[in-house]
Amino acid sequence: RERENPEVIKYLNEENERAAKEMAHSREFEAKLFEEIKGRFKQTDMSVPYKRDDYFYYTRYEEGKEYPIYARKRGSLDQPEEIMLNANELAEGHEFFSVGGWAVSSGQNIIAYAVDTEGRRIHNTRFKDLSTGETLPEVLTRVTENLVWANDNRTLFYGKQDETTLRQFQIYRHVVGTDPAEDPLVFQEDDETFVVYVFKTKSKRFLMLVRSQTTSQEYRYLNADNPTGEFKVFLPRQREHEYHIDHFQERFIIRTNDQAKNFRLMWTLVEKPGKENWREIVPHRLDVYLGDFELFRNHLVMEERARGLTQIRVMPWTGDGDHYLQFDEPAYRANVNINLDFDTTILRFDYASMKTPLSIYDYDMVSRQRTLLKREEVLGGFDADHYVTERLYARAQDGTEIPISILYRKGMTKNGGNPLLLYGYGSYGLSIDASFSSPR
């Protein structure tokens, strides 16, 4: 806690000196290993563009430069590039620099971006007029990266944290062009076991204010066209009740663990949020964990987990054609990517395994055809065909099956004498997926 205390600094310096002394014999190898790892990363790289309203947004890197460039193109990818933020220029003069979060206004002409120059996730947020390139004078000081615009193209909701614990406990409202010192406090969470944050539903109709703790959530909602209105409680928080909601047409869709340890999916009309009005879409299952979900006009997409493996399930609202995406490898990681477009049959998802680098796909939910958009390039002669990945299950003393993902060089003789690096984790209900690691 006492970051500037001379005794604390002295102690840390002594520990660093001891570490350097103890590891002196490996210093040359460390430098060699670092250069090898760095040499496998492509320095000129670009993310797969995603569509939001009239623009395609993406991030790219230039060789020899440390920070990303945030850019977009209007209408199609063959149009001229608009650079929204060049973090290399913004970082000049700072020992540490990070763009923690950014958000483009509903009219897509103003960007709010949170910058951390301390390395403590305490940010200052600035505003830039994307039509003129002008950086606006107002600054939101010592805030979080939680930034959400209302639909009026002028109002931004943002979070502040306790600077000792970094717990986000306040939500403020700012109108572009006004003095940030006069920003009203919208909500404050006094329970130290809870954090509070805001987001906008995919439909853009509602702003959601969430009070969240490890085993409990409470949602409040506000019409995004009326940012000065009062947030309404959807369902008061209860101990051990975890839930998440999004908006679809005239309904709220609810993921809940109420009477469902592995979660189930429900719906209710917007004007009838009470639990007595909830109706079931996907029932609880003892052997399948229901994770996140994504809403489209004609499809519901869910991330599920069975026997430790992630699965992506596509369910048309008509009820016909419910299916799972099929993957060839026995151990992998698959997750839904950025899908901002509601009126589409295309689902974007990520895929990786211990031998397959991160891959981005578009999947047509009607034709069931997938298109590979990008696979992370690993330099230095890497070839996935040189490796084998497997999925095993070890039975614990209480009968629980423990999933194990294995990677090894093709041609290895399984004689019990090979060295093994084993890593395990099992806390907080989290699973470690069999994903790719370039350094490994």
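This passage looks at strand pairing, aromatic pairs and salt bridges in a predicted model.

A good place to start is the antiparallel pairing of strand 17 with strand 18, which rests on six bridges. Together these two strands make a hairpin with two residues between them, and Q249, in the turn, has a positive phi of about 55°. Strand 18, spanning residues 251-256, is mostly covered, with five of its six residues buried. Strand 18 also runs antiparallel to strand 19 (residues 264-269), and six bridges join this pair. Within these pairings, D246 faces I253 of strand 18, and F252 stands opposite T268 in strand 19.

D246 itself deserves a closer look. This aspartate belongs to strand 17, which covers residues 243-248. D246 is buried but takes part in no salt bridge, and the nearest side chain of opposite charge, that of K202, is 7.2 Å away. The backbone of K202 tells another part of the story: its nitrogen lies 3.5 Å from a polar atom of the D246 side chain. Beyond neighbours within four places in sequence, the contacts of D246 include T201 and K202, as well as R251, F252 and I253. F293 and L295 are also among the residues in contact with D246.

Turning to the aromatic residues, the whole structure holds 26 aromatic pairs. In one of them, the ring centres of F157 and F231 are 6.0 Å apart and the planes meet at 85°, so the arrangement is edge-to-face. This pair links distant parts of the chain, since F157 sits in strand 10 (residues 155-161) while F231 is in the loop between strand 15 and strand 16, 74 residues apart. F157 is buried, with a relative accessible area of 1%, and F231 also counts as buried, at 14% relative accessibility. Elsewhere, ring pairs join F199, F206, Y219, Y221, F234, Y243, F252 and W278 into a cluster. F252 thus appears in this cluster and among the contacts of D246.

Charged side chains add a further set of links, with a count of 35 salt bridges. One of these joins D191 and R237, with an N to O distance of 3.9 Å. D191 lies in the loop between strand 12 and strand 13 and R237 in the loop between strand 16 and strand 17, so the pair ties together parts that are 46 residues apart in sequence. D191 is partly exposed at 28% relative accessibility, and R237 is partly exposed at 26%. Both residues belong to a network of salt bridges that links E189, D191, R211, E218, R220 and R237.

The loop between strand 17 and strand 18 contributes to another salt bridge, in which the closest N and O atoms of E250 and R205 are 3.5 Å apart. The partner R205 is in the loop between strand 13 and strand 14, 45 residues apart from E250. E250 is partly exposed at 46% relative accessibility, as is R205 at 30%.

A further salt bridge brings K414 and E390 together at 2.7 Å, N to O. K414 is in the segment after strand 30 and E390 in strand 29, and the two are 24 residues apart. Here the partners fall into separate classes: K414 is exposed at 55% relative accessibility, whereas E390 is buried at 19%.

Key
Residues are numbered from 1 along each chain as its sequence is written. This is a predicted model: local features need pLDDT of at least 70, side-chain atom pairs count only at pLDDT 80 or more; totals for chains, interfaces and linings use all residues. Side-chain values use heavy atoms; hydrogens and water are left out. Helices (H or I, at least four residues) and strands (E, at least two) are DSSP runs, numbered from the N terminus. Buried means under 20% relative accessible area, exposed over 50%, partly exposed in between (1.4 Å probe, protein chains only). Lys and Arg count as positive and Asp and Glu as negative; His and the chain ends are not counted. A salt bridge is a side-chain nitrogen of Lys or Arg within 4 Å of a carboxyl oxygen of Asp or Glu. A polar contact is a pair of N or O atoms within 3.5 Å; within protein, one must be able to donate a hydrogen and the other to accept it, and residues adjacent in sequence count only if both atoms are side-chain atoms. Contact means heavy atoms within 4.5 Å. Two strands pair if DSSP finds at least two bridges between them. Rings of Phe, Tyr and Trp (its six-membered ring) pair if their centres lie within 6.5 Å; planes under 30 degrees apart count as stacked, over 60 as edge-to-face and the rest as tilted.
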